[in-house]
Amino acid sequence: MGELLLIRHGETTWSASRRHTSYTDLELTPDGERQARTLAAFLAGRRFMTVLASPRSRALRTAQLAGLTVDAVDEDLSEWNYGEYEGRTTVDIHSDQPHWNIWTDGCPGGESPAQVGERLDRVLARVTPLLDRGTVALVGHAHSLRVLGARWIGLPPSAGGRLRLDTATVSVLGHEHERQVILRWNQPAPPAPGTATDSAPRH
């Protein structure tokens, strides 16, 4: 069985400031482009049955800089639709709604956890049969990929809240004794020699 690689896009200005970003189509920052290029060496030597990406430019640019050829754009890999909370930080939202939790409450005017789970289930239904023939890569976003990781191991979408996912990281889903498992999660590419690293999480 092949593996399923989940690749989160590199940094944008909004991810750096922890602003919720779904349909707003932001470019990578210079640091985000550097992150994406670092992924190229990390992914070198792997062969993919197919590479699917979110339609957002930050995901497509990350795939390009990481040396991947995107075979298809999949709208179901788009980020969680934050609706009225687009562009706001969690701290800001909590000033109005102190008990809000995206993993249980969803977003007004956007998607509920169940709705996000349904479309990521569709992605898994499409790509899981391909793993019989090799490895598949999915290039997307933090919250949607966290939901996909939770659904892969049979947990509800809300369990994605337990799976932190930083910018420009690779997570690997696979099998153990025919069970679907998480093999690696939130793994950054090794920094280039002489490159300073920033350990602060990126939303």
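**Exercise 1.** In this predicted model, find how close the nearest N and O atoms of the salt bridge between Asp31 and Arg34 come, and state where the two residues lie.

*Solution.* Step 1: the closest N and O atoms of the Asp31–Arg34 salt bridge are 2.8 Å apart. Step 2: both residues belong to helix α2, with a spacing of 3 residues, about one turn of the helix. Step 3: for exposure, Asp31 has a relative accessible area of 30% and is partly exposed. Arg34 is also partly exposed, at 34%.

**Exercise 2.** Describe the salt bridge of Arg37 with Glu33 and the spacing of the two residues in α2.

*Solution.* Step 1: the closest N and O atoms of Arg37 and Glu33 are 3.4 Å apart, within the 4 Å cut-off for a salt bridge. Step 2: Arg37 and Glu33 are 4 residues apart in helix α2, which puts about one helical turn between them. Step 3: Arg37 has a relative accessible area of 45% and is partly exposed. Step 4: elsewhere, Asp74, Asp76, Arg122 and Arg126 are joined into one network by salt bridges that share partners.

**Exercise 3.** Determine which parts of the chain the salt bridge between Glu3 and Arg46 ties together.

*Solution.* Step 1: the closest N and O atoms of Glu3 and Arg46 are 3.2 Å apart. Step 2: Glu3 is in the segment before β1 (4-8), while Arg46 is in the loop between α2 (30-43) and β2 (48-53), so the salt bridge ties together parts 43 residues apart in sequence. Step 3: Arg46 is partly exposed, its relative accessible area being 32%. Step 4: the count of salt bridges comes to 14.

**Exercise 4.** Work out how the buried residues of α2 are arranged around its axis, and what they pack against.

*Solution.* Step 1: begin with the length of the helix. From first C-alpha to last, the 14 residues of α2 reach 20 Å, close to the expected 20 Å at 1.5 Å a residue. Step 2: the buried residues of α2 are Gly32, Gln35, Ala36, Thr38, Leu39 and Leu43. Step 3: viewed down the axis of α2, these buried residues fall within an arc of 160 degrees, so they line one face of the helix. Step 4: the face turned away from the buried side carries exposed Pro30 and Ala41. Step 5: the packing partners of the buried residues are β1, α3 (57-65) and β5 (169-176). Step 6: after α2 comes Gly45, with a positive phi near 95 degrees.

**Exercise 5.** Establish whether Trp152 is buried or exposed, and list its contacts beyond four places in sequence.

*Solution.* Step 1: Trp152 lies in helix α7, which covers residues 142-152. Step 2: its relative accessibility is 2%, under the 20% cut-off, so Trp152 counts as buried. Step 3: with neighbours within four places in sequence left aside, Trp152 is in contact with Leu4, Leu124, Thr128, Leu131, Leu173, Gly174, His175, Gln180 and Val181. Step 4: one of these residues, Val181, is 29 residues from Trp152 in sequence, and the C-alpha atoms of the two are 7.3 Å apart in space. Step 5: a polar atom of the Trp152 side chain lies 3.3 Å from the backbone oxygen of Gly174.

**Exercise 6.** Identify the backbone atom that the side chain of Asn186 reaches, and place Asn186 in the fold.

*Solution.* Step 1: Asn186 is part of strand β6, residues 179-188. Step 2: Asn186 has a relative accessible area of 17% and is buried. Step 3: the Asn186 side chain reaches the backbone nitrogen of Asp166 at 2.7 Å. Step 4: apart from neighbours within four places in sequence, Asn186 is in contact with Arg164, Leu165, Asp166, Thr169, Val170 and Ser171.

**Exercise 7.** Compare the radius of gyration of the protein chain with the value from the globule rule.

*Solution.* Step 1: the protein chain has 7 helices and 6 strands. Their order from the N terminus is β-α-α-β-α-β-α-α-α-β-α-β-β. Step 2: the radius of gyration is 16 Å, close to the 17 Å given by the globule rule for 203 residues, so the chain is as compact as a globular protein of that length. Step 3: the C-alpha trace spans about 50 × 40 × 25 Å along its principal axes. Step 4: of the 203 residues, 51% count as buried. Step 5: among contacts between residues at least 6 apart in sequence, 69% join residues at least 24 apart.

Terms used
Residues are numbered from 1 along each chain as its sequence is written. This is a predicted model: local features need pLDDT of at least 70, side-chain atom pairs count only at pLDDT 80 or more; totals for chains, interfaces and linings use all residues. Side-chain values use heavy atoms; hydrogens and water are left out. Buried means under 20% relative accessible area, exposed over 50%, partly exposed in between (1.4 Å probe, protein chains only). Contact means heavy atoms within 4.5 Å. A polar contact is a pair of N or O atoms within 3.5 Å; within protein, one must be able to donate a hydrogen and the other to accept it, and residues adjacent in sequence count only if both atoms are side-chain atoms. A salt bridge is a side-chain nitrogen of Lys or Arg within 4 Å of a carboxyl oxygen of Asp or Glu. The expected span of a helix is 1.5 Å times one less than its number of residues. The arc is that of the directions from the helix axis to the C-beta atoms. The radius of gyration is taken over C-alpha atoms; the globule rule is 2.2 Å times the number of residues to the power 0.38.
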